[in-house]
Amino acid sequence: MQTNAEITASTLSIKDLPWQIAWSMEKCTLCGSCTAVCPVNAIEPAVFRKRTVEAAINASLRPVSGFKIYYGVRQRTDPAYRCVGCGMCAMVCPNDAIMPYRSDEPDKLRFHLNRGGQAQRRGGRRNSPGGLLDQIKFTRISMLTDPALDAGRHEFELRTLLGRILPPEENMKRLREHGWIPPVREIYPLIIGGMSFGALSPTMWEGLQMGIAYLNEEMGMPVRISTGEGGCPPRLLRSRFLRYVILQIASGYFGWDEIIHAIPEMKVDPCAIEIKYGQGAKPGDGGLLMWHKVNRLIAAIRGVPMGVNLPSPPTHQTKYSIEEAVAKMIQSMSMAWRFRVPVYPKISGTSTALAVLNNLTRNPYAAGLAIDGEDGGTGAAYNVSLDHMGHPIASCLRDCYLNLVQLGQQNEIPLFAGGGIGKSGNLAANAAALIMLGASGVQVGKYVMQAAAGCLGSETGRCNICNIGLCPKGITSQDPRLYRRLDPEDVAQRIVDMYVSFDTELRKIVAPLGRSTSLPIGMSDALGISDKAAADRLRISYVV
Amino acid sequence: MDDQQQYHLISGREQDIRLESRVLEERLQEAVSNGHRRIKVEAFGQHGIGGRLWRAGNKPLHIKVVGHSGQRLGSMGFSGTRIENFGPASDDVGWLNAGAEIIVRGNASNGVANAMAQGRIYVAGDIGARGMTMTKQNPRFDPPELWVLGSAGDYFGEFMAGGIAVICGVEARTPGNVLGYRPLVGMVSGRVFFRGPHGGYSKSDARLMPITDADWQWLKENLARFLEAIGRTGLYEKLVEREHWQMISARGPGDKVVSKIRSISEFRRSVWNKELGEGGLVGDLTDMDMSPVPVVATGIFRSFVPVWENRFYTPPCQASCPTGIPVHERWRLVREGRMDEAVDMALSYTPFPASVCGYLCPNLCMESCTRNSANMPPVDITRLGKESIRAQPPDLPPAEGGKIAVIGGGPAGISVAWQLRMAGHEAVIFDMSEKLGGKMSSLIPEARIPADVLEAELERVRSVLPHVHLQQRLGKDDIEQLKADYDFVVMAAGTAKPRTLNVAGKGATIYANDFLAAARENRIDAGQKVAVIGAGNVGCDVAVEAARLGAKDITLIDVQKPASFGEERRMAEAIGAVFRWPCFVREITEQGVVLESGEVIEADTVVVSIGDIPDTDFLPGSVDLEKGFVKVNSYFQTSDPRVFAIGDIVKPGLLTDAIGAGRKAAEAINRQLQGGQPLEETGQVIDSSRITLEYFDPRITSFSGLDQCGANCASCGTCRDCGVCETICPQGAISRKQGSKEDYEYVSDPDLCIGCGFCAAACPCGVWAMRVNEPLE
């Protein structure tokens with residue numbers, strides 16, 4: 001700051017910022033790498049003046065004041081150029097001379113991120129580390145009471161079912177009478193949740209899809225991935241890989257005319273159709289793909305003109321009630337593939353989830369329900385939606401499952417849970433906990449970004465700039481300069497690593513339970529938690 | 001049996017009651033302790049028969065088991081113990097066997113040889129699941145052996161860590177697969193000989209190996225022994241067909257190659273792209289190369305690109321100078337030792353570089369100097385201004401262009417005529433005064449400027465510009481005539497009428513301009529006490545002149561905080577003038593000024609100095625007015641396209657405003673005379689944050705001379721050619737290119753530059769800028 005500059009209400013010092021750059025003059029070699037890669041221009045090269053005073057008190061000598069210049073790196077304090085803590089500077093520094101550090105106190109920046117009355121928006125995740133899922137323990141270790149199973153040695157049936165499962169007598173009846181039997185998919189219970197082509201870069205998307213195809217075709221793992229709302233590349237629609245894909249339709253209906261055009265040419269049916277009504281990260285809020293991200297590629301896949309804003313409204317316009325929304329959408333989407341493809345809605349975690357679920361139980365075409373909890377991620381949302389809106393997944397899922405149990409339909413309508421699974425790195429434990437609380441499978445997104453592409457985001461406000469297209473890892477950018485940093489083959493390899501290791505960990509959890517012939521869906525007697533209130537709420541053991 | 005007598009009989013039943021395993025074990029151990037080495041056990045399902053009989057010492061011990069042996073026959077068996085079981089055996093035969101030879105003359109169920117470390121187990125039939133699992137091989141002993149005449153059950157050899165298993169495949173329960181389901185998972189050591197088909201085994205742990213001659217030799221020899229032990233020697237000939245045998249051995253840690261997995265690259269090439277087409281997922285939609293690029297990149301992959309924006313922006317000094325003098329360029333010439341050029345250059349912009357820049361101007365250039373932002377004194381232009389008294393006018397081009405009449409010989413009129421003349425036009429000044437100069441020569445106190453300086457500059461003007469001395473005021477008809485005779489008429493008549501005060505007694509006042517003009521010629525006596533109504537800069541001049549004429553008690557009043565500033569204000573304060581506000585005048589009396597409050601400010605002379613307004617009576621109807629002043633556009637053209645207006649007739653202002661207006665109007669006229677359209681001003685002022693003041697010595701608080709001034713000018717927006725960018729560039733991307741004559745430029749090589757911004761940061765002048773690179777898609 002200039003020595004005699006005026007200060008305003010929003011003039012901040014480095015002390016006021018959440019991320020503070022520590023730069024070492026001693027180590028810095030002035031190579032310029034950090035300033036060349038900082039995605040938000042938070043640091044800049046600078047010229048510094050250093051005054052020196054040589055004291056002398058003898059009569060023969062006079063004290064001397066002088067100064068010299070040195071060059072270095074300076075952190076900017078303008079809120080528009082705040083450091084987001086991504087740490088790319090540290091990543092490229094050859095001498096470890098620079099690093100962002102978290103402030104030792106709550107920052108003052110948060111009070112100034114609304115210039116021009118623009119409420120703060122960002123991407124990423126809820127700024128709230130940890131969570132209930134991490135506290136759940138698997139307390140039923142069978143050893144002698146059930147067949148002792150060895151995760152490394154035994155074979156496990158870990159697949160789950162996606163689709164409406166008829167009661168056996170009804171199924172037999174329809175078989176006999178050649179009636180319609182709802183489509184059911186046998187899939188791996190860890191699903192990659194919807195992240196659109198557009199929200200993600202082309203390299204990230206291709207890497208994910210390639211990894212999924214590899215897992216299916218080379219590893220025999222029936223893993224599935226949702227497209228998110230942004231259409232699906234025409235080539236994928238016409239390939240056999242479509243079998244591994246859950247096509248998502250949401251309120252913007254982007255890319256669906258291309259999908260419809262592709263139906264006559266499809267070699268295989270998609271795994272399922274997911275109708276998105278809500279997103280855990282920003283319940284009740286819509287999406288917006290900014291015009292500058294809508295390049296030629298995105299425009300082609302979404303079937304829109306280039307360079308226009310693409311809003312996905314919070315609601316589907318032509319639906320006025322849950323009954324109508326569910327009935328109409330499920331009918332239409334089922335009809336498109338002549339009732340051969342499971343169709344299910346995805347909602348954000350909410351205290352009204354039971355209303356949706358009860359509706360589905362009465363709809364013979366509903367193939368399941370996906371619920372996305374408050375810890376879900378997003379490419380862009382209002383800060384207030386991210387941090388304060390939504391419902392924790394565990395209790396929401398649990399309520400739904402127990403409701404199905406009451407109806408006697410827990411084996412008929414699969415529930416899929418998403419939102420914060422693996423947020424602290426405990427992917428398999430979180431997934432298994434939700435499965436034992438009643439989920440037939442789980443959807444993950446952020447974990448995938450972190451594990452497969454090195455996403456730098458965190459629950460303590462690190463990076464989280466997916467919304468402005470400057471992702472330094474090239475995961476959520478449409479700028480070739482950024483997304484070509486990401487090699488799709490690396491992403492695919494990491495997806496494979498992630499799934500194979502997840503599979504081992506899941507076995508390590510279910511083996512001691514003595515379960516190898518089916519996924520322990522709803523096996524809540526295996527769960528315990530040291531929080532009495534949570535134990536009561538989830539109806540699992542209270543263990544201390 | 002003929003050897004009945006030789007075998008000590010221990011029955012597992014007593015009085016029709018089955019003995020507990022514990023009791024049978026006690027009796028067996030006791031018999032061995034008592035010296036029995038041949039023992040026959042009638043078993044009734046007791047556990048662990050025949051194990052742990054170390055008390056036999058080195059002498060061979062033979063245990064015959066008849067009936068139903070229980071689980072773990074011979075478990076923890078010792079070397080020297082030979083157990084022969086006549087019939088099928090239950091689970092875990094030879095569990096943790098540590099040396100016994102155990103013969104089962106029938107099938108054995110699950111877990112045969114589990115955790116066996118030494119000894120041999122011979123099974124005359126099939127074995128159940130998990131045989132030969134978790135076996136060991138202790139280097140101190142021979143490896144354990146398991147011989148099975150038939151086939152192995154499922155999960156055979158899991159975690160096998162040593163020993164030799166031989167599966168003969170004779171009368172096998174599962175002839176299609178003698179090794180069972182999922183054999184050898186986790187096998188780390190040992191060998192398995194087998195005869196017959198198998199249904200696969202853990203290839204990541206084990207592999208098929210050729211049977212060497214030594215292996216074969218061992219197998220043949222021990223096969224004979226096995227067959228003899230189980231009483232099936234007749235099978236020998238059938239079994240010694242070497243080609244029927246295969247051998248699997250464990251992979252070592254070194255060659256634990258996981259089953260051949262296709263690499264992702266290979267998958268992409270031969271599966272992914274093959275199904276989707278060349279280019280993969282979006283190969284049909286874009287031909288963009290998707291190959292990886294480095295994070296710190298050059299060329300088109302840089303995020304930012306440096307641009308050498310030399311002379312692209314206007315420095316604040318030039319921008320704030322109403323006359324538009326490029327002050328920084330003059331200091332550059334000073335730095336380059338070209339003092340004459342630095343001085344002469346000013347005359348291209350103003351006819352009064354010494355009078356105005358050196359004395360009369362409040363020097364807005366210095367006020368806006370970037371150095372102020374770091375609390376450093378601005379470069380002192382008055383020094384260079386004063387020096388400009390010796391500026392030589394350029395050689396004039398012949399006046400062959402247009403003809404322009406300029407009404408008014410003040411600074412505005414002189415400026416426009418000066419510029420037009422230098423552009424090769426004929427400009428004639430019409431003025432009521434005998435001498436050119438307007439207010440400069442008639443009203444400004446000599447205290448503000450030495451008379452010889454002003455006179456010298458006016459003389460320079462006179463030598464260039466013709467002047468028509470008007471004997472009477474012009475009328476509307478005269479202007480129409482001038483319009484007919486000249487291409488353009490420029491109104492620069494200033495403000496000839498004082499703004500009046502509408503209070504009683506105003507007749508007893510004198511207007512500031514009249515006072516100043518009279519004072520300049522020393523033909524007025526102001527008295528001891530002077531009150532000045534209106535404390536602007538003209539009021540200050542009045543106060544200074546009144547003091548010079550002998551007034552002692554001078555008060556300036558104003559209705560608001562006085563707008564006076566600069567040299568005028570300082571001089572007025574210096575002579576002890578009192579400034580008072582807010583003061584509202586009720587009337588003027590003989591005593592002086594009576595305020596609304598009733599207070600009387602005593603005065604011998606009351607001067608009204610509340611501004612002047614133009615005399616517009618002579619203007620033709622085609623020239624629109626606004627609030628008493630002439631209305632003009634941005635280049636000073638009036639509503640009559642042939643008539644321009646500049647100076648105070650448009651808006652009261654500084655001398656430099658008038659001079660600048662003259663220059664701009666001249667430029668517009670010049671362009672129109674040449675058939676073009678006047679240009680709007682476009683020069684954008686450089687952002688002061690681009691200038692790097694850290695290079696300048698903050699200890700300098702005043703300047704000792706022109707050279708020091710030149711050295712300390714930051715040269716905002718104009719390259720100083722210091723070369724610091726070339727030096728600091730970490731990539732060596734920047735170089736200096738010499739052009740023809742004095743031209744040069746600094747260029748950055750895109751193939752080397754990473755867009756780090758060090759050049760822009762280090763540039764003292766703010767010439768380099770970082771721009772976001774062109775979008776790639």
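**Where in chain B does R311(B) lie, and between which two elements?** In this predicted model, R311(B) sits in the loop that links β14 (304-308) to α5 (316-320) of chain B. Although R311(B) is not a glycine, its phi is positive, at about 60°. Most residues other than glycine have a negative phi. How buried or exposed is R311(B)? R311(B) counts as partly exposed, because it has 13 C-beta neighbours inside 10 Å, and the cut-off for a buried residue is 20 or more.

**A second loop of chain B, around D92(B), also holds a non-glycine residue with positive phi.** The phi of D92(B) is about 60°. Look for D92(B) in the loop between β6 (81-85) and β7 (98-104) of chain B. The surroundings of D92(B) are crowded enough for it to count as buried, because 26 other C-beta atoms lie within 10 Å.

**A cis peptide bond joins W581(B) to P582(B).** Omega for this bond is near -10°. Most peptide bonds are trans. To find the spot, follow chain B from β23 (578-580) to β24 (585-588): P582(B) is in the loop between these two strands.

**Helix α11 of chain B is buried along its twelve residues.** The helix covers residues 411-422 of chain B. What span should we expect from its length? At 1.5 Å a residue, α11 of chain B should span 16 Å, and its end C-alpha atoms are indeed 16 Å apart. Twelve of the twelve residues of α11(B) are buried, so the helix is largely enclosed by the rest of the structure. Among the buried residues are W418(B), R421(B) and M422(B), together with G413(B) and Q419(B). An α-helix has 3.6 residues a turn, so residues three or four places apart point the same way.

**The neighbours of α11(B) include both strands and helices.** The buried residues of α11(B) pack against the strands β15 (403-407), β16 (426-431) and β18 (488-491) of chain B. They also pack against the helices α12 (439-442), α13 (451-462) and α18 (655-673) of chain B. After α11(B) comes G424(B), with a positive phi near 95°. For the wider setting, the domain assignment of chain B places residues 403-495 and 615-673 together in domain 3. Domain 4 of chain B takes in residues 500-613, while the C-alpha centres of domain 2 and domain 4 of chain B are 89 Å apart.

**A three-stranded open sheet of chain A has the order β6-β20-β21.** The pairing in this sheet is mixed. Strands of a sheet pair through backbone hydrogen bonds, either parallel or antiparallel. Which strands stand at the edges? They are β6 (137-138) and β21 (541-542) of chain A; each has a single partner strand, so one side of each is left without a neighbour in the sheet. Strand β20 (residues 527-529) of chain A runs parallel to β21(A), and two bridges join the pair. In β21(A), Y542(A) is the bridge partner of I529(A).

**Two domains of chain A meet in a mainly nonpolar patch on the domain 1 side.** The domain assignment gives domain 1 (14-103) and domain 2 (132-542) of chain A. Their C-alpha centres lie 45 Å apart. Ten residues of domain 1 of chain A are in contact with nine residues of domain 2 of chain A. The domain 1 side of this contact has seven nonpolar, two polar and one charged residues.

**Chain A as a whole gives the setting for these close-ups, with 17 helices and 21 strands.** With 544 residues, a compact globule would have a radius of gyration near 24 Å, and the 26 Å of chain A agrees with this. The C-alpha atoms of chain A fill a box of roughly 115 × 60 × 45 Å along the principal axes. Of its 544 residues, 52% count as buried. Among contacts in chain A between residues at least 6 apart in sequence, 76% join residues at least 24 apart.

**Chains A and B touch through 51 residues of chain A and 47 residues of chain B.** On the chain B side, α4 (264-276) and α21 (758-762) are the elements that give two or more residues. Which element of chain B gives the most? That is α4(B), with eight residues. By class, the chain B side has 27 nonpolar, twelve polar and eight charged residues.

Conventions:
Residues are numbered from 1 along each chain as its sequence is written. Chains are lettered from A and ligands numbered from 1 in the order in which they are written. This is a predicted model: local features need pLDDT of at least 70, side-chain atom pairs count only at pLDDT 80 or more; totals for chains, interfaces and linings use all residues. Domain bounds come from an automatic or database domain assignment. Two residues are in contact if their C-beta atoms, placed from the backbone, lie within 7 Å. Ala, Val, Leu, Ile, Met, Phe, Trp, Tyr, Cys and Pro count as nonpolar, Asp, Glu, Lys and Arg as charged, and the others, Gly among them, as polar. Helices (H or I, at least four residues) and strands (E, at least two) are DSSP runs, numbered from the N terminus. The radius of gyration is taken over C-alpha atoms; the globule rule is 2.2 Å times the number of residues to the power 0.38. The expected span of a helix is 1.5 Å times one less than its number of residues. Two strands pair if DSSP finds at least two bridges between them.
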